[in-house]
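Thanks, everyone. I would like to take a few minutes to go through one chain with you, starting from its surface and working inwards.

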Amino acid sequence: MLTFKNRTALVTGAGRGIGRAIAETLARQGVTVICVSKSAESCGATAAAITAAGGRAKALAVDVADGAAIAKASEELLKEFPAIDILINNAGITRDGLLFRMSEADWNDVLTTNLTSCFHWTKLIGRPMTRARWGRIVNIASVSGVMGNAGQANYSAAKAGMIGLTKTLAREFATRSVTVNAVAPGFIKTDMTAGFVENAEASAKILEAVPLRRFGESAEVAAMTAFLCSEEAGYITGQVFNVDGGMAM
Ligand code: NAP
């Protein structure tokens, strides 16, 4: 059991996959979780599951690609919650394609949803955290941002950007005991990867590059993320933790 002192967390992309696993893992540790996703149905389902299991959660549908919507949601949340101590920037999308075939719209959609959203949330939720002199921010990056990945120029750039943002904010917030770290998952079984995880030929090819020779589980990413949010991780900041079966050694 990790130590959490009556904390509240905001998890983006909490409706499905890795974000849902993070929300549920934190809730099991006694953390109150604000579950954000694009659709009200998916964040509502996660919040309902947490509540049914005896935890505390609130669902909030916000399009993280919309800076004004994030500002409005943050303002309301900061009135409702005396403190939001933990921020998990997890919402993300892919729009894959080789560079010469990638449209500007696909570039912009991925950068805005995956990276610019972190800028907005961290600016708004991070400020009261620094005032309170305790906080945890975890950005869910990707092995693609660490190693690069053909067909993912937009996604790799966004994820590498999250890593740069993580290291810079770790330095900016350190004197306020707010830690900022990144988790870089490899191939995890979620809706995002279902297309090739369920394709035997594509799977076999991918797994050749994974030393542990299997896909990861959302719970395995959530376990690392929850640790980074705990009291016990207070001396860790500005780091990137790969949860990738050994891909990016
Ligand atoms: P997923 O199953 O596709 O779930 C994505 C979640 O993000 C959903 O809850 C979705 O909301 C939310 N989301 C997407 N766009 C949003 C928007 N504009 N506004 C608000 N919420 C939005 O994805 P996942 O596989 O769990 O991935 C989670 C994170 O891990 C992403 O940042 C992804 O890049 C990263 N990652 C994943 C893998 C992997 O192998 N799966 C590997 C490395 C990194 P709705 O439910 O409302 O649609």
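The chain exposes about 11,800 Å², an accessible area from the Shrake-Rupley method with a 1.4 Å probe, and carbon and sulfur atoms supply 54% of that surface. Please keep in mind that this is a predicted model, in which local features need pLDDT of at least 70 and side-chain atom pairs count only at pLDDT 80 or more, while totals for chains, interfaces and linings use all residues. Residues are numbered from 1 along each chain as its sequence is written, and side-chain values use heavy atoms, with hydrogens and water left out.

Turning inwards, 48% of the 249 residues count as buried, that is, under 20% relative accessible area with a 1.4 Å probe and protein chains only. The largest nonpolar core, meaning buried Ala, Val, Leu, Ile, Met, Phe, Trp, Tyr and Cys residues joined through side-chain atoms within 4.5 Å, has 29 residues, and Val-11, Ile-22 and Ile-88 are among those with the most contacts inside it. Several elements, including strand S1 (8–12), strand S4 (86–89) and helix H9 (218–229), each supply at least two residues of this core, but H1 gives the most, with six residues; helices here are DSSP runs of H or I, at least four residues, and strands are runs of E, at least two, numbered from the N terminus.

What does Ile-22 touch, not counting residues up to four places away in sequence? With contact taken as heavy atoms within 4.5 Å, Ile-22 touches Val-11, Ile-88, Asn-90, Ile-140, Ala-222 and Thr-225. Apart from the largest core lies another, of 22 residues, among them Ile-34 and Met-129.

Note on methods:
Buried means under 20% relative accessible area, exposed over 50%, partly exposed in between (1.4 Å probe, protein chains only).
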